[in-house]
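User: Hey, got a minute to walk through this one with me? I'd like to start broad and then poke at a few residues.

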Amino acid sequence: MAQLPKNLSPKLLLSLLKAEKNCTSALSLFDSASQNPGYTHTPTTFHHILRRLSGPKNVPHMTRIVKLIQMQRCKCSEDVALTVIKTYKKNSMVDCALDVFQRMEEIFGCEPGIRSYNSLLDAFVATSQWDRAELFLRYFNTRGIEPNLETYNILIKISCKKMQFDKAREFLEWMWGQGLRPDVFSYGTLIDGLAKGGNLLDAVEVFDEMFERGVMPDVVCFNILIDGFFKRGDVKGAKEVWERLLKGSDVYPNVITYNVMISGLCKCGKFSESLEIWNRMKENEREMDQFTLSTLIHGLCESGNVEGASRVYREMIERGVSPDVVTYNVLLNGYGQAGMIKECFELWDLMGREGCCNVVSFNIFIRRLFENGKVEEAICVWQLLQHRGCVADSTTYGVLIHGFCKNGYLNRALLVLKEAEVRGDNLDAFAYSSMISGLCSEGQLDEAMIVLDRMVKYGCKPNPHVCNALITGFIRASKTEDAIRVFSEMVSQECFPTVVTYNTLIDGLCKAERFGEAYHLVKKMLEKEWKPDMITYSLLMDGLCQSKKVEMALNLWFEVVDKGFKPDVTMHNIIIHGLCSTGKVEHALQLYLRMTEGKCLPNLVTHNTMMDGFYKARDCQNASAIWVRILKSGLRPDIISYNITLKGLCSCGKILDAIRFLNDALDKGILPTVITWNILVRAVIIGRASTFCNSL
């Protein structure tokens, strides 16, 4: 801080204050001058220091300086008072702004003009104090203050904030009628309000009106519309406004325009187009900020284009733009998802050197290491987190436990869970559900129930994921009664089942041939306004077909169609298989032919099922016709297709034809399986036995 001379003049102090770039140092200099004997601040000096104290941390100092102005009886212009009112407005201190306004003559020795009235009115609007704003507006008239263009712009802002867009448009018309020409801010405020309210067509209409009335939109108006269209997911609309900006406008895109375009295109999955905008930005030598580059890195990582993200990151460094922890985390996550572990460690080392990592960074790195099977490395990073004094959060424990379970380290996961419980660390449902799911997958159901009890004990409410994991575990272990008990407890504890819960239990009941209870569950779903999905019905139909209850499955099929569902290929395959397995091949054929006529095209499983059905019915001709259909549809027969054909031909005594198909499979690189050789060996043995019997 500069030293003050004994004979200090206001002009010299102002020069010293302007030279001092640090606000705190400038304030200290000002305060030192205030203590200088024989020196008195001028309005210009007060105005300069007040303008530099607009931040929230400096408001107390500003208040102190206002008191000094009053104490020194320094007569200031409205500009000085206006600086104070605007600072209070910026920091949402409306009552302080009102107090300065009311005492302006007492403090500053000047009367408030229209600018001060407008500033206080805008302060009420900014804090949504509509009643006070309207009362204050009426006060204008009592004081003989004539509203100006800025006043009406604030009134338009009030109408937009209250979603009274028709009223805002009436203000515009009234202004034109009174010869008070609306400016770009008048229109921009209305366009912004309409866009934020989702009325984009009206916003474009107002935007077009600007051209008709000779008010040229600025780049902000274009930015508002582009952003509005992107937020609605309307890429076409956003691009149309962008093209208008480029081709039919006297204004040019600024960094915000490019940021909005890049961010919007990335969020809408148009990553290659976002790169094109970035390249255009570089060609036009537009300054890129951290937001531009970070957004692009995030979008490219999301699309799996990690190489592209790395290229943008390198350019970011070359341009001298420092990545923040969010950018580093995005790139770290992208490398991990792409399995680029070496690059992960290189970036991690850099983040450590720059001190630019947080608990989210640790969570990302640990998760990706586990996903890539790097368990020991994940443990090392976890230990590093503890040594650095970084506090693990609930996500950290969830990631650790989930990672250990997925990699088969159940005991390690249990140890982490117990240690966290003992220390009283934050554990959430994800940590417990991962542990329970891992135990259930390994059939350790008793241990899973113990963890569930601990979950409740430590105040963590079970969620559907936990209950679904338990139900799945019990169903896999053929413990249907236990699965039903968990389901019932789930409902009683207001842990509401999901469609996945119902589907899992329905599947288990069908496998146990408890179809009545499965039907009852579907009925319950409907009563609770849970809509059974295609999987629900498919599971139930499959269970019925497996148990040869094809008529019941068909009844369910018609019920599904009546409810407006359009059966998918899986559901068709289930019914076709059921019909074929009970010898109703003709019915299956009718359903198959309807598929080819409709929008649900048969897949290879459908064709294979039909071929198998025909061969079992000794109908080689229709079975061969299905083979031709497979080839015509562009599908490639697999080994299952060949095995069905070989078995069918052999059963019909067409051994030579079967061998021809075997050669065809070998020519196409389809390797025979044990089943293939069993079919052929059995056919040869039966053929020789038949020949021997005939010779006798």
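User: What share of the contacts in the protein chain with a separation of 6 or more comes from residues 24 or more positions apart?
Analyst: That share is 60%. Keep in mind that this is a predicted model.

User: Noted. How many helices and how many strands does the protein chain have?
Analyst: The count is 40 helices and zero strands. The chain is also more spread out than a compact globule, because its radius of gyration is 38 Å, well over the 26 Å that the globule rule gives for 696 residues.

User: What does the C-alpha trace span along its principal axes?
Analyst: About 140 × 65 × 55 Å.

User: And the surface? How much of the protein chain counts as buried?
Analyst: Of the 696 residues, 47% are in the buried class. The accessible surface of the chain is about 35600 Å², and carbon and sulfur atoms hold 52% of that.

User: Switching to charges. How far apart are the mean positions of the positive and negative charges?
Analyst: They sit 1 Å apart, with 81 positive and 80 negative charges in the protein chain.

User: How many salt bridges turn up in the whole structure?
Analyst: The search gives 33 salt bridges. One of them pairs the side chains of Arg115 and Asp79, at 2.8 Å from N to O. That pair ties together distant parts of the chain, since Arg115 belongs to helix H8 (residues 114–126) and Asp79 to helix H5 (residues 78–90), 36 residues apart.

User: Are Arg115 and Asp79 buried, partly exposed or exposed?
Analyst: Arg115 is partly exposed, at 36% relative accessible area. Asp79 is partly exposed as well, at 32%.

User: OK, next pair. Which residue does Asp95 meet in a salt bridge?
Analyst: Arg132, with an N to O distance of 3.1 Å. This one also links distant parts of the chain: Asp95 is in helix H6 (residues 94–102), Arg132 is in helix H9 (residues 130–142), and they are 37 residues apart.

User: How do those two look for accessibility, buried or exposed?
Analyst: Asp95 is exposed, with 52% relative accessible area. Its partner Arg132 is partly exposed at 29%. The Asp95 value gets the exposed label because the cut-off for that class is over 50%.

User: Now Glu209. Which residue does Glu209 form a salt bridge with?
Analyst: Arg169, and the closest N and O atoms are 3.9 Å apart. Glu209 is in helix H13 (residues 200–212) and Arg169 in helix H11 (residues 165–177), so the bridge joins distant parts of the chain, 40 residues apart. With salt bridges cut off at 4 Å, that 3.9 Å distance still falls within the limit.

User: Buried or exposed, that Glu209?
Analyst: Glu209 is buried, at 13% relative accessibility. Arg169, on the other hand, is partly exposed at 24%.

User: Which residues are linked with Arg169 and Glu209 in a network of salt bridges?
Analyst: Glu173, Glu205 and Arg213 join those two in the network.

User: Different topic: cysteines. Where is Cys620?
Analyst: Cys620 is in helix H37 (residues 620–632). It is buried, with a relative accessible area of 11%.

User: What does Cys620 touch, leaving out residues up to four places away in sequence?
Analyst: Tyr615, Cys652 and Lys654. For a sense of scale, the C-alpha atoms of Cys620 and Leu180 are 90 Å apart, with their positions 440 residues apart along the chain.

User: And Thr295, which helix is that in?
Analyst: Helix H18, residues 290–302. Thr295 is buried at 13% relative accessible area. Beyond its neighbours within four places in sequence, Thr295 contacts Ile262, Ser263 and Cys266.

User: Last one. Where does His41 lie?
Analyst: In the loop between helix H2 (23–34) and helix H3 (43–51). His41 is a loop residue, but it counts as buried, with 3% relative accessibility.

User: Which residues does His41 touch, not counting those up to four places away in sequence?
Analyst: Leu13, Phe30, Ala33, Ser34, Phe46, Leu68, Gln72 and Cys74. As for Phe30, its C-alpha atom is 9.0 Å from that of His41, and the two are eleven residues apart along the chain.

How values were computed. Residues numbered from 1 in each chain as written. Predicted model: local features only at pLDDT ≥ 70, side-chain atom pairs only at ≥ 80, totals over all residues. Heavy atoms only, no water. Helix = DSSP H or I, 4+ residues; strand = E, 2+ residues; numbered from the N terminus. Rg over C-alpha atoms; globule rule 2.2 N^0.38 Å. Buried < 20%, exposed > 50% of the residue type's maximum accessible area, 1.4 Å probe, protein only. Contact = heavy atoms within 4.5 Å. Areas by Shrake-Rupley, 256 points an atom, 1.4 Å probe, with all protein chains shown as cover. Lys, Arg positive; Asp, Glu negative; His and termini not counted. Charge placed at Lys NZ, Arg CZ, Asp CG, Glu CD.
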